[in-house]
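Let's take a friendly walk through a protein model, going from the whole chain down to single residues. Keep the 3D view open and turn it as you read.

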Amino acid sequence: MTFKIKVNEVEHEVDVDGDIPLLWVLRDVLGMTGTKFGCGKALCGACTVHVNGTPMRSCVMPVEYIGESAVTTIEAIGDTPIGESLQQAWLDLEVVQCGYCQSGQIMSAAALLAANSEPTDSDIDGAMAGNICRCGTYLRIREAIKQAAETSPTSSSQGD
């Protein structure tokens, strides 16, 4: 069956079964390999993408449910002010260890900062609780989110 999906502001027509997870459409059909396969059960967050700005686990989301929703992946998150600030903070604080979960981590962090430009440690821990890092970089992730919150052009503390 043919589906039209909008990914990173670009419309794509894909010929796949409707029950194939969005993750496999992104990776195998569209060649966008930034989104990672982790557990395949929506438990680890490695496959997190945004669907209409909401973080979703693409490993369990059938492509037929996307409809006209806008999908944003790690490949385009740096085009947003929040995403750019997050990616810079990740580099500044050397967050990445093995790196496997980091695209999902950044996608969840971007959704958090879009909803809350000045998150507390508790806010960060709550928003990031569904993203598992096998290397245990949680403290660096939290610090990077705080730095991004301070430096993002959308931050209310910018220029203080």
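## The whole chain

Of the 160 residues in the protein chain, 44% are buried. Please keep in mind that this is a predicted model. The C-alpha trace spans about 50 × 30 × 25 Å along its principal axes.

The chain holds six helices and five strands. Read from the N terminus, the elements follow the order β-β-α-β-β-β-α-α-α-α-α. The radius of gyration is 15 Å, close to the 15 Å that the globule rule gives for 160 residues, so the chain is as compact as a globular protein of that length. Many contacts also reach far along the sequence: among those between residues at least 6 apart, 57% join residues at least 24 apart.

## The sheet

Let's begin with the strands. Strands of a sheet pair through backbone hydrogen bonds, and the pairing can be parallel or antiparallel. Here, five strands make an open sheet with mixed pairing, in the order 2-1-5-3-4. Strand 2 (10-15) and strand 4 (54-57) are the edge strands, and each of them pairs on one side only. From one strand to the next, the twist averages 40 degrees.

Now look at the individual pairings. Strand 1 and strand 2 run antiparallel and are joined by six bridges. These two strands form a hairpin with two residues between them, and Asn8 in the turn has a positive phi of about 55 degrees. Strand 1 and strand 5 pair in the parallel sense, over two bridges. Lys6 is a handy residue to find here: its bridge partner in strand 2 is Glu11, and its bridge partner in strand 5 is Ala70. Elsewhere in the sheet, strand 3 (residues 48-51) and strand 4 are antiparallel and share four bridges. His50 stands opposite Pro55 in strand 4.

## Two faces of one strand

In a regular strand, side chains alternate between the two faces of the sheet. Which residues of strand 1 make up its covered face, and which its uncovered one? Phe3, Ile5 and Val7 are on the covered face, while Thr2, Lys4 and Lys6 are on the uncovered one.

## Helices across the sheet

Helix 1 (residues 22-29) lies across strand 1 (2-7), strand 2, strand 3 and strand 5 (70-72), and runs at about 85 degrees to strand 1. Leu22, Leu23, Val25 and Leu26 are buried in this helix. The buried residues of helix 1 pack against strand 1, strand 2, strand 3 and strand 5. Just after the helix comes Gly31, with a positive phi of about 75 degrees.

Helix 4 (residues 102-115) also meets the sheet. This helix lies across strand 3, strand 4 and strand 5, at about 35 degrees to strand 3.

## A pair of aromatic rings

How many aromatic pairs does a search of the whole structure find? The search finds one. Why is this pair called tilted? The ring centres of Trp24 and Phe37 are 5.2 Å apart and their planes meet at 35 degrees, so the pair is tilted. This pair links distant parts of the chain, 13 residues apart: Trp24 is in helix 1, and Phe37 is in the loop between helix 1 and strand 3.

Are these residues hidden from the surroundings? Trp24 has 26% relative accessibility, so Trp24 counts as partly exposed. Phe37 has 32% relative accessibility, so Phe37 counts as partly exposed.

## Two nonpolar cores

The largest nonpolar core has 20 residues, and Leu86, Trp90, Leu113 and Ile145 touch the most other members. Two or more residues come from each of helix 2 (74-77), helix 3 (81-92), helix 4, helix 5 (121-128) and helix 6 (138-151). Helix 4 gives the most to this core, with six residues.

Try clicking on Ile145 next. Leaving aside neighbours within four places in sequence, the contacts of Ile145 are Leu86, Trp90, Ala109, Leu112, Leu113, Pro119, Ile124 and Met128. There is also a second, separate core of 15 residues, which includes Phe3, Val14, Met61 and Val63. You have already met Phe3, on the covered face of strand 1.

Conventions:
Residues numbered from 1 in each chain as written. Predicted model: local features only at pLDDT ≥ 70, side-chain atom pairs only at ≥ 80, totals over all residues. Heavy atoms only, no water. Pairing = 2+ DSSP bridges. Axes fitted to C-alpha atoms, helices over the stretch in contact; angles between N-to-C directions. Contact = heavy atoms within 4.5 Å. Phe/Tyr/Trp six-rings, centres within 6.5 Å; stacked < 30°, edge-to-face > 60°. Buried < 20%, exposed > 50% of the residue type's maximum accessible area, 1.4 Å probe, protein only. Core = buried A, V, L, I, M, F, W, Y, C linked by side-chain atoms within 4.5 Å. Rg over C-alpha atoms; globule rule 2.2 N^0.38 Å.
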